[in-house]
Amino acid sequence: QVQLVESGGGLVQAGGSLRLSCAASGNIVDTSIMAWYRQATGKQRELVARITSTSTTKTTNYADAVKGRFTISRDIPKNTVALQMNSLKPEDTAVYYCYARIRTDYWRDVWGQGTQVTISS
């Protein structure tokens, strides 16, 4: 059984910061992509940030709405991914989900349970 466990959500005022963390556990052979998605009430789930990394290379992608404010990082040996969110805006309010492409006996898409982020104006 492979699972992703998120932490770090909460309520913060506009302009503040939050850091989300996600840890993968289970019989993991390899992990390719790790990412954060979010889903606001009444809207579709959208990609926030994605990181693909090896021991020597790293590629990150960000949604236009968060570029320059959010930073995704990954600890390969620990199988964790973090999202540092700065200069938060009310429109960042959403449930944030951790995602990973993980190989156990085969490659699979794994999602966390989600963590609520609420930004007050």
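**Exercise 1. Arginine 38 and its salt bridge**

Determine whether arginine 38 is buried or exposed in this predicted model, and describe the salt bridge that its side chain makes.

*Solution.*
Step 1. The relative accessible area of arginine 38 is 7%. Burial requires a value under 20%, so arginine 38 is buried.
Step 2. The side chain of arginine 38 meets that of glutamate 46 in a salt bridge, with an N to O distance of 2.8 Å.
Step 3. Glutamate 46 has 38% relative accessibility and therefore counts as partly exposed.
Step 4. The general principle is that side chains of opposite charge can pair when their charged atoms come close.

**Exercise 2. Further salt bridges**

State how many salt bridges the structure holds, and characterise those of lysine 67 and arginine 108.

*Solution.*
Step 1. The total for the structure is six salt bridges.
Step 2. Lysine 67 is bridged to aspartate 64, and their closest N and O atoms are 3.1 Å apart. Aspartate 64 has a relative accessible area of 66% and is thus exposed.
Step 3. Arginine 108 and aspartate 105 form a salt bridge through their side chains, at 3.1 Å from N to O. With a relative accessible area of 24%, arginine 108 is partly exposed, while aspartate 105, at 63%, counts as exposed.
Step 4. Shared partners join the salt bridges of Arg38, Glu46, Arg69 and Asp92 into one network.

**Exercise 3. Threonine 31 and asparagine 79**

Locate threonine 31 and asparagine 79, classify their accessibility, and identify what joins their side chains.

*Solution.*
Step 1. Threonine 31 belongs to strand 4, which covers residues 30–39. Asparagine 79 is placed in the loop between strand 7 and strand 8.
Step 2. Threonine 31 has 6% relative accessibility and so counts as buried. Asparagine 79 counts as buried as well, at 16%.
Step 3. Their side chains are joined by a polar contact of 3.1 Å.
Step 4. Leaving aside residues up to four places away in sequence, threonine 31 touches Arg74, Asn79, Ala100, Arg101, Ile102 and Trp107. On the same basis, asparagine 79 touches Cys22, Ala23, Ala24, Ile28, Thr31 and Met34.

**Exercise 4. The four-stranded sheet**

Give the strand order of the open sheet of four strands, name its edge strands, and describe how strand 3 pairs with strand 8 and with strand 1.

*Solution.*
Step 1. The order of the open sheet is 1-3-8-7, and the pairing is antiparallel.
Step 2. Strand 1 (3–7) and strand 7 (70–75) each pair on one side only and are the edge strands.
Step 3. From one strand to the next, the twist averages 15°.
Step 4. Strand 3 (residues 18–25) and strand 8 (residues 80–85) run antiparallel and are joined by six bridges. Within this pairing, leucine 18 has methionine 85 as its bridge partner in strand 8.
Step 5. Strand 1 also pairs with strand 3 in the antiparallel sense, over five bridges. Here glutamate 6 stands opposite cysteine 22 of strand 3.
Step 6. The side chains of a regular strand alternate between the two faces of the sheet. In strand 1, Leu4 and Glu6 make up the covered face, and Gln3, Val5 and Ser7 the uncovered one.

**Exercise 5. The aromatic cluster**

Classify the ring pair of tyrosine 37 and tyrosine 99 and that of tyrosine 99 and tryptophan 111, and establish which residues form a cluster.

*Solution.*
Step 1. A search of the whole structure finds three aromatic pairs.
Step 2. Tyrosine 37 and tyrosine 99 have a centre-to-centre distance of 6.0 Å and an angle of 75° between their planes, and the pair is edge-to-face. Tyrosine 37 is in strand 4 and tyrosine 99 in strand 9 (residues 94–103), so this pair ties together parts 62 residues apart in sequence.
Step 3. Both tyrosine 37 and tyrosine 99 are buried.
Step 4. The ring centres of tyrosine 99 and tryptophan 111 are 5.1 Å apart with planes at 55°, so this pair is tilted. Tyrosine 99 in strand 9 is thereby linked with tryptophan 111 in strand 10 (residues 107–111), 12 residues apart.
Step 5. Tyrosine 99, at 11% relative accessibility, counts as buried, whereas tryptophan 111, at 36%, counts as partly exposed.
Step 6. Ring pairs thus link Tyr37, Tyr99 and Trp111 into a cluster.

How values were computed:
Residues are numbered from 1 along each chain as its sequence is written. This is a predicted model: local features need pLDDT of at least 70, side-chain atom pairs count only at pLDDT 80 or more; totals for chains, interfaces and linings use all residues. Side-chain values use heavy atoms; hydrogens and water are left out. Helices (H or I, at least four residues) and strands (E, at least two) are DSSP runs, numbered from the N terminus. Buried means under 20% relative accessible area, exposed over 50%, partly exposed in between (1.4 Å probe, protein chains only). A polar contact is a pair of N or O atoms within 3.5 Å; within protein, one must be able to donate a hydrogen and the other to accept it, and residues adjacent in sequence count only if both atoms are side-chain atoms. Contact means heavy atoms within 4.5 Å. A salt bridge is a side-chain nitrogen of Lys or Arg within 4 Å of a carboxyl oxygen of Asp or Glu. Two strands pair if DSSP finds at least two bridges between them. Axes are lines fitted to C-alpha atoms, for helices over the stretch in contact, and angles run from 0 to 180 degrees between N-to-C directions. Rings of Phe, Tyr and Trp (its six-membered ring) pair if their centres lie within 6.5 Å; planes under 30 degrees apart count as stacked, over 60 as edge-to-face and the rest as tilted.
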